[in-house]
Amino acid sequence: MKTIWKIAKTELQSLFYSPIAWLVLVIFFIQCAVAFNGTFGGLVTNMELYGQARNATEGLFISQFGGMFPKLQSYLYLYLPLLTMALMTREFTSGSIKLLYSSPITNRQIILGKYFAMMVYSLVMLACVGTFCVLAMCVVDNLDIPYMLTGLLGLYLLMCTYSAVGLFMSCITTYQIVAAICTLTVLFLLSYMRNVGQEIAFVRVLTFWFAINGRVNEFISGLICSEDLFYFILVSTMFIFFTIIKLQADRTKAPWFKTVGKVLGVVVATLMIGYLSTQPKLMWYYDASQNKVNTLTENSQKIVAKLTDKTTITYYHNILGIDQHRWYSFPSSDLNNIKR
């Protein structure tokens, strides 16, 4: 463990010696300030015009229509590839990777050290967001703090997952720009997976689970669900394993079919665990909102607990009508209906 932390410390020093890391922090902090100022100004305007405002916590941080967290979520995919593109490419281009190979350091220690460095940097980025959360606590009465903390947790898990993808991409090429472009491409594919094979029952469960878009929305809404939590952990772990396998293949000159077999094994294992995490009986959740707006009320939960037989809920749509909601009746929208 000491070796991993030494590598992480060295990587952080190298990261902060470059202007990119500081530039990203400055730009990200400015965007946080602009997002917070715009939303806070809107709440103050509503107070002056109508004498009341909507829920301050939701309006400032949660709302999909101008909230700070959804805005920042859409920015993060632009920053992390710029930071991760040099994690391994720098070692390849400078030749220092040969020194690492000749040292008693294992591949796992190299990769985990670099990944932990990105986790620490992600905490620094999260601290930029946390600054405005603390400011809101100072100027807003009765702020729903647990509601706000779940959103911060979701953003941090998203940054860690982006870092794992970028780390793997930087391991497969010696060009930093190519690594950044490949990272953006993989992130796009992970977002697009929700639209793949939705007409086939078993396939749509796997591809829908693999999609990264929308995963943070539950956290931002104040709901911690085990399925979403396992998703970020599993996908991050999968790409870290990919990176270790790639480094091991380069170090030992292993045949390509063995490398491909290991990669496929990791993918299958990830999908199996991910599929189990989607099963209702194995899921758990925590509603952090003060009014428990994401779950059934206490009385409703007591009524549901008394049900002994299986309950089937059937919903109907007119597929021959012109209403846009008719598309919800098709198999490709099945999982989207559940998420709604």
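**Close-up 1. Ring pairs link Trp209, Phe210, Phe219, Tyr231 and Phe232 into a cluster in this predicted model.** One member of this cluster, Tyr231, also has a charged neighbour, since Arg215 lies over the face of the Tyr231 ring, at 4.4 Å from the ring centre.

**Close-up 2. Phe36 and Phe132 form a tilted aromatic pair.** A pair of aromatic rings is described by the distance of the centres and the angle of the planes. Counted across the model, there are 15 aromatic pairs. In the pair formed by Phe36 and Phe132, the centres lie 5.6 Å apart and the planes make an angle of 40 degrees. This pair links distant parts of the chain, as Phe36 belongs to helix α2 (residues 19-50) and Phe132 to helix α7 (residues 107-139), with the two positions 96 residues apart in numbering. Both Phe36 and Phe132 are buried.

**Close-up 3. Helix α1 (residues 2-17) crosses helix α7.** Two packed helices are described by the angle between their axes and the distance between the axes. For α1 and α7, the axes come within 7 Å and cross at roughly 50 degrees, and the two helices are therefore oblique to each other. The crossing of α1 and α7 is right-handed.

**Close-up 4. Residues of α1 meet residues of α7.** On the α1 side, the residues in contact are Thr3, Ile4, Trp5, Ile7, Ala8, Glu11, Leu12, Leu15 and Phe16. On the α7 side, they meet Arg108, Gln109, Ile110, Leu112, Gly113, Lys114, Phe116, Ala117, Val120 and Tyr121. Helix α7 thus appears in two of these views, as it also carries Phe132, the partner of Phe36 from α2.

Note on methods:
Residues numbered from 1 in each chain as written. Predicted model: local features only at pLDDT ≥ 70, side-chain atom pairs only at ≥ 80, totals over all residues. Heavy atoms only, no water. Phe/Tyr/Trp six-rings, centres within 6.5 Å; stacked < 30°, edge-to-face > 60°. Helix = DSSP H or I, 4+ residues; strand = E, 2+ residues; numbered from the N terminus. Buried < 20%, exposed > 50% of the residue type's maximum accessible area, 1.4 Å probe, protein only. Lys NZ or Arg CZ within 6 Å of the ring centre and 35° of its normal. Axes fitted to C-alpha atoms, helices over the stretch in contact; angles between N-to-C directions. Parallel < 35°, antiparallel > 145°, perpendicular 65-115°, else oblique. Left-handed = near helix turned anticlockwise from the far one by under 90°. Contact = heavy atoms within 4.5 Å.
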